[in-house]
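Let's take a friendly walk through a protein structure together. Have the sequence and the 3D view open, and follow along one stop at a time.

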Amino acid sequence: MTNLIGHPDHGSFERDPQDMVQLLTPEGERVEHPDFAWCGDDDLAKQLLRDMVLARRFDVEGTNLQRHGELGVWPPALGQEAAQVGAAHAMRAGDHVFPTYREHVVCLLRGVTPADMLGIWRGTTQSAWDTVSTNTHMYTLVIGAQTLHATGYAMGLQLDGMVGNDDPERNAGVLAFHGDGASSQGDVNESYVFAASYHAPVVFFCQNNQWAISEPITRQTTIPLYQRAMGFGFPGVRVDGNDVLAVHAVTSWAMERARQGQGPAFIEAFTYRMGAHTTADDPTKYRLAEETEHWRLKDPIERLRAHLLRSGKIDDAWLAELDDEAEQFGAEVRAACHALPVPKFSEIFATVHAESTAELEAQREQYQTWADSFESIGADSHGAANGQGVSP
Amino acid sequence: MSAQPQAVPNGTKQTLTLGKALNAGLRRALEADPKVLLAGEDIGRLGGVFRITEGLQKDFGEDRVIDSPLAESGIVGTAVGLALRGYRPVVEMQFDGFVFPAFDQITTQVAKMHFRSGGRIPMPMVIRIPYGGGIGSIEHHSESPETYFAHTPGLKVVTCSTPHDAYWMIQQAIASDDPVVFLEPKRRYHERGEVDETTAPIALHQAQVVRHGSDVTLLAYGPMVKTCLEAAAVGADEGRFIEVVDLRSLSPIDMVTVSASVRRTKRAIVVHEAHRTLGLGAELAARLHEDLFYVMESPVLRVTGYDTPYPPSRIEEDYLPNLDRILDAVDESMSR
Ligand SMILES: Cc1ncc(C[n+]2csc(CCOP(=O)(O)OP(=O)(O)O)c2C)c(N)n1
C-alpha cells in the first residue's frame with residue numbers, strides 16, 4: 001500500500017478506448033464516424049500505405065545503423081507510422097511543422113533528407129537542415145520547448161495576415177508535435193494558454209504512445225489527454241493513431257480550422273511505441289511483452305494493406321514493386337549515412353554568433369595553432385597523440 | 001541537521017563503480033533517515049537511465065523512490081514543498097541539459113528560502129545532476145552547468161571523482177541542511193575504485209591533494225580529475241612533478257587546501273570542461289591572485305572547454321581538455 005500512488009484511476013486506463021475516431025479497424029475494415037469522414041481517394045490511400053512502408057524502412061535502417069556503430073543512438077518511430085504519415089499528409093506545403101526528435105516520418109515527407117536527420121544521431125550536426133524550404137523546424141530535444149516556438153510562429157502568421165483570408169491559398173497553419181510525457185511540462189501547458197489567448201492557428205498533435213521512457217501515461221495524467229484541451233479553451237479530439245485514414249481526416253479538419261482563423265485544436269493520436277525509447281533503452285525493465293503483443297495486432301501498416309488488398313485497390317504485384325522501392329530506399333539511406341562529412345572542429349566557432357567576437361576568434365586561432373602543431377609531427381588525430389603512453 | 005554519515009568499524013572495503021557507489025550511498029541514506037525521499041524521471045521502476053537508483057524503489061517503496069511526471073520545474077518545486085513539510089528530498093535531473101526548466105525554482109526558490117525566512121526555514125534538498133561530456137551523446141547531454149549554481153548564493157555545489165567520494169559525499173550532501181547541487185561525472189560512472197566504509201570521510205566541502213608534486217598544481221574536479229592524474233603520470237616521465245588537487249566542493253571552494261598547494265608549487269592551472277569565460281577557473285584565478293600574488297611565479301592558466309555550445313559528438317574530443325592540452329599548459333606555465 002502506498003500513499004502517493006493512491007489515485008483511483010492510476011493504471012486503469014483502457015487499452016482500447018471507445019472514444020476515439022476510427023475509420024479503419026485493426027482488421028482492415030472500413031467504418032464510418034459521425035463527425036469525421038475520409039476525404040481522400042484511392043490514390044491517396046495507396047500513397048499513405050507506400051509512405052508508411054518507406055517510413056518503417058527508414059526506421060529499421062536507423063536501428064540497424066546504430067547497431068553497427070554508425071549512429072550513436074536512434075529513437076525509433078516503429079508503430080507510429082500512421083500517426084505521422086496521416087498528419088504529414090494533412091498539411092499543405094505552406095503550413096509549418098515543429099517536430100520532436102521522433103518525427104522522422106513527418107520530416108521525410110516534408111522533404112528533410114535522410115542524411116540531414118541521420119547527422120544528428122551520428123553526431124556530425126545538430127539539426128542543421130533547411131527549415132525554410134521544408135517549412136519544417138529543427139528537432140527539439142528539450143522536452144516540450146518547441147510547442148511554445150510553434151505557438152509564437154502561429155502568432156507571426158496571424159500578424160502577417162495569413163489566417164482567415166477569403167482566398168484559402170493565402171492561409172497557413174502550424175502543426176506542433178509533442179509526446180504524452182511532454183504534456184506534463186510547463187512549457188507545453190503555457191503554449192496551450194498562449195495559443196488559446198491569441199486564438200493562434202496552431203494544432204497540437206500529441207502522439208500518446210503510452211510511454212515516456214519507462215513511465216506509463218498514467219504517471220502524467222488521470223484523465224484522457226484530449227479532455228484537457230477543453231479546460232484550455234479549444235477542442236480536443238482523440239483519434240486512433242494507428243489508423244492513417246482517421247488521423248488524416250482529423251488533422252485535415254483541425255488544420256483547416258486553424259487556417260481559417262478558428263483557433264487552436266488538440267489531437268491525441270492514440271498509438272504505441274513498439275520499440276525501445278531509443279536504442280540505448282531496455283523496455284523489458286518496465287513493461288510486459290504481452291502489452292507489446294496486444295499492440296502488434298493493431299499494426300498501422302497491416303490494416304491498410306489488408307483493406308486495400310481486399311477491396312482490390314492493390315495487388316501482389318503492386319506490393320512487390322513497393323518492396324523493391326523500399327529495398328532501394330534502404331540502400332540509399334545507408335549510403336547517405338556513410339557519406340556524412342565529419343565537420344572540422346574549427347568550424348564550430350563560426351556559428352556561435354551572427355556577429356562573431358574578437359574573443360571567440362582568438363579562441364579559434366588558439367585552437368588552430370594547437371591542432372596544427374600535430375600536423376607538423378605527422379599525427380593526423382589528436383586522439384591518437386592524446387593516448388600516447390597512457391592506459392585507459 | 002540530519003545525522004552525519006558514520007564510519008562502520010566492521011564495514012566493508014569493496015571495489016565498486018562510481019555509479020554503484022552512489023547507489024550504495026543513496027541506499028544508506030534511505031535506511032538512515034525515514035524522511036529521505038528520492039524523486040525524478042524514470043528513477044523508480046527503471047532505476048534511472050544510468051541505473052543509479054536501481055533496486056531502490058523495490059526495496060523502499062513507491063512512496064520513497066518516486067517516479068515523477070516529466071516536468072523538472074515540478075520536480076524541484078514540489079521538493080521545496082516536501083522539504084517545508086520536513087522531508088529531505090533528493091531529486092534527479094535526468095541530464096545536465098535538462099535542469100534548466102527547473103532553474104527558476106532552484107535559483108529563486110530553493111537557494112533563497114533560508115535567507116528570505118530570516119534563517120527560520122532550511123532547504124535540505126539535494127539536486128543530483130549527471131554532467132559533463134565525452135560519452136558520444138547528442139546535444140543537451142554533455143553540458144557542464146556548474147557555474148550557474150556556484151554563482152548563486154544560497155546553494156552549495158559539490159562533485160565527486162571517485163567511487164569512495166561518491167559513496168560518502170552523497171550521504172553528506174543529504175545530511176546537509178543546505179540545498180546541495182550534486183554533480184555526478186557521468187563519463188566516470190563506470191570507473192572502479194575502492195569504497196572504504198570503515199573510516200570516516202573528510203568534510204564535504206574540503207578539497208584534497210590527490211597527487212603530490214612540486215612543479216605545478218592542477219586544480220580540477222569531477223571528470224577532469226582522472227584526466228589530470230593521467231597527465232601528471234605522463235608529465236612525470238618527462239621530468240615534470242605535477243600536483244593534482246581535486247576540489248570536490250565548487251561552492252564553497254576550499255581555498256585553504258588550494259592556496260597551500262599553490263604556495264608550494266608557485267604555479268597553478270585550472271582544468272574544467274565547462275566554458276572558459278566566467279567558469280570556475282576565473283574564480284580560482286582571481287582568488288589565487290588575491291592570496292598569492294607575490295608568491296606565484298607564473299599567471300594562473302586555464303585549460304577548459306571553449307566558449308561555444310558543446311559540439312556534435314564526432315568532434316567532442318577536441319572540445320574536451322585532454323592530456324596534450326594540459327601538458328602544453330604545464331610547459332607554458334613552467335617556461336614563464
Ligand atoms: C526537459 C527534458 N527533460 C528530460 C528529458 C529526457 N527525456 C528524453 S525523452 C523523454 C521522454 C519523453 O516522452 P514523451 O514526451 O512521451 O515522448 P516519446 O519519447 O514517447 O516520443 C525524457 C524524459 C528531455 N529530453 N528533456
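Phe194(A) sits in helix H7 of chain A, which covers residues 186-198. Keep in mind that this is a predicted model. Phe194(A) is partly exposed, with a relative accessible area of 38%. Together with Val193(A) and Tyr198(A), Phe194(A) makes a nonpolar surface patch of about 280 Å².

Now turn to the place where the two chains meet. How many residues of chain A are in contact with chain B? There are 52 of them, and they touch 46 residues of chain B. The area buried between chain A and chain B is about 4,200 Å², with carbon and sulfur atoms giving 57% of that area. Three residues stand out here: Gln126(A), Phe345(A) and Trp370(A) supply 14% of the area that chain A buries against chain B, more than any other three residues.

Charged and polar groups also take part in this meeting. Between chain A and chain B the count is one salt bridge. Glu54(B) forms a salt bridge with Lys285(A), and their closest N and O atoms are 3.4 Å apart. In addition, 16 residue pairs are in polar contact between the chains. Several elements of chain A, among them helix H4 (114-122) and helix H15 (382-387), each supply at least two residues to the side that touches chain B. The largest share of that side, six residues, comes from H14(A).

Over all chains, the structure holds 40 salt bridges. Side chains of opposite charge can pair when their charged atoms come close. Look at helix H14 of chain A again: Arg364(A) and Glu361(A) meet in a salt bridge, 3.0 Å from N to O. These two are three residues apart in the helix, so about one helical turn separates them. Arg364(A) is partly exposed at 25% relative accessible area, and Glu361(A) is partly exposed at 32%.

Helix H11 of chain A (residues 289-296) offers another pair, Arg296(A) and Glu293(A), three residues apart and separated by about one helical turn. Their side chains meet in a salt bridge of 3.2 Å, N to O.

Finally, visit chain B, where Asp177(B) and Arg88(B) meet in a salt bridge of 2.9 Å, N to O. This pair links distant parts of the chain, 89 residues apart: Asp177(B) is in the loop between helix H7 and strand E7, while Arg88(B) is in strand E4. Are these partners buried or partly exposed? Asp177(B) is partly exposed at 24% relative accessibility, whereas Arg88(B) is buried at 8%.

How values were computed: Residues numbered from 1 in each chain as written. Chains lettered and ligands numbered in written order. Predicted model: local features only at pLDDT ≥ 70, side-chain atom pairs only at ≥ 80, totals over all residues. Heavy atoms only, no water. Patch = residues over 30% accessible without salt bridge, like charges linked within 9 Å, V, L, I, M, F, W, Y side chains within 5 Å. Areas by Shrake-Rupley, 256 points an atom, 1.4 Å probe, with all protein chains shown as cover. Salt bridge = Lys/Arg side-chain N within 4 Å of Asp/Glu carboxyl O. Helix = DSSP H or I, 4+ residues; strand = E, 2+ residues; numbered from the N terminus. Buried < 20%, exposed > 50% of the residue type's maximum accessible area, 1.4 Å probe, protein only. Contact = heavy atoms within 4.5 Å. Buried area = accessible area lost by both parts, 1.4 Å probe. Polar contact = N/O pair within 3.5 Å; in protein donor to acceptor, adjacent residues only side chain to side chain.
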